[in-house]
Amino acid sequence: MNSQAEHARAQDLERRIRVYEEMEKGEQWPGALSAADYIAITLMTLVLVVGFYLWGY
């Protein structure tokens with residue numbers, strides 16, 4: 001019984017490895033952030049921090 005579970009786990013692992021290898025071949029990863037996304041996050045954080053700082057006074 002244990003060998004069947006190990007075999008199923010090995011097959012699942014191989015399938016996942018193939019999926020990631022196919023994704024690496026592609027130009028873009030689904031859900032990957034671009035530089036513009038990081039800049040927008042930084043600006044929003046800065047606006048939030050400054051806003052709450054000024055609100056406290």
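Helices are taken as DSSP runs of H or I with at least four residues, numbered from the N terminus. The structure described here is a predicted model, and helix α1 covers residues 2–25. Within helix α1, R16 and D12 are 4 residues apart, and therefore about one helical turn separates them. An α-helix has 3.6 residues a turn, so residues three or four places apart point the same way.

R16 and D12 also form a salt bridge, in which the closest N and O atoms are 2.9 Å apart. A second partner of D12 is R15, whose side chain meets that of D12 in a salt bridge at 2.8 Å, N to O. D12 and R15 are 3 residues apart in helix α1, and this spacing again amounts to about one helical turn. Side chains of opposite charge can pair when their charged atoms come close. A search of the whole structure finds 2 salt bridges. D12, R15 and R16 are thereby linked in a network of salt bridges.

The members of this network were also examined for accessibility. D12 has a relative accessible area of 29% and is partly exposed, because buried means under 20% and exposed means over 50%. R15 is likewise partly exposed, at 41%. For R16 the relative accessible area is 46%, which also places R16 in the partly exposed class.

Other residues of helix α1 carry charge without belonging to the network. E14, E21, E22 and E24 form a negative surface patch. Of these, E14 lies in helix α1 and is partly exposed, with a relative accessible area of 42%. A8 is found in helix α1 as well; its relative accessible area is 42%, so A8 counts as partly exposed.

Beyond helix α1, the chain passes through a loop to helix α2, which comprises residues 35–55. G26 is found in the loop between the two helices. At a relative accessible area of 35%, G26 is partly exposed.

Helix α2 has 21 residues, and at 1.5 Å a residue these should span 30 Å. The C-alpha atoms at the ends of helix α2 are 30 Å apart, which agrees with that expectation. The number of buried residues among the 21 of helix α2 is 0, so this helix lies largely in the open.

A nonpolar surface patch of about 820 Å² is made by I39, L43, L46, V50, Y53, L54 and Y57. One of its members, Y53, is placed in helix α2. Y53 has a relative accessibility of 51% and counts as exposed, because the class begins over 50%.

Separations in space were compared with separations along the chain for several residue pairs. G26 and A5 are 21 residues apart in sequence, and their C-alpha atoms lie 32 Å apart. R16, in helix α1, is 22 residues from Y38 in sequence, with a C-alpha to C-alpha distance of 29 Å. A8 and V47 are 39 residues apart along the chain, and 50 Å separates their C-alpha atoms.

In summary, the charged features described for helix α1 include the salt-bridge network of D12, R15 and R16. The negative patch of E14, E21, E22 and E24 is a further charged feature of the surface. Helix α2 has 0 buried residues, and the nonpolar patch of about 820 Å² includes Y53.

Terms used
Residues numbered from 1 in each chain as written. Predicted model: local features only at pLDDT ≥ 70, side-chain atom pairs only at ≥ 80, totals over all residues. Heavy atoms only, no water. Patch = residues over 30% accessible without salt bridge, like charges linked within 9 Å, V, L, I, M, F, W, Y side chains within 5 Å. Areas by Shrake-Rupley, 256 points an atom, 1.4 Å probe, with all protein chains shown as cover. Salt bridge = Lys/Arg side-chain N within 4 Å of Asp/Glu carboxyl O. Lys, Arg positive; Asp, Glu negative; His and termini not counted. Charge placed at Lys NZ, Arg CZ, Asp CG, Glu CD. Buried < 20%, exposed > 50% of the residue type's maximum accessible area, 1.4 Å probe, protein only. Expected span 1.5 Å × (residues − 1).
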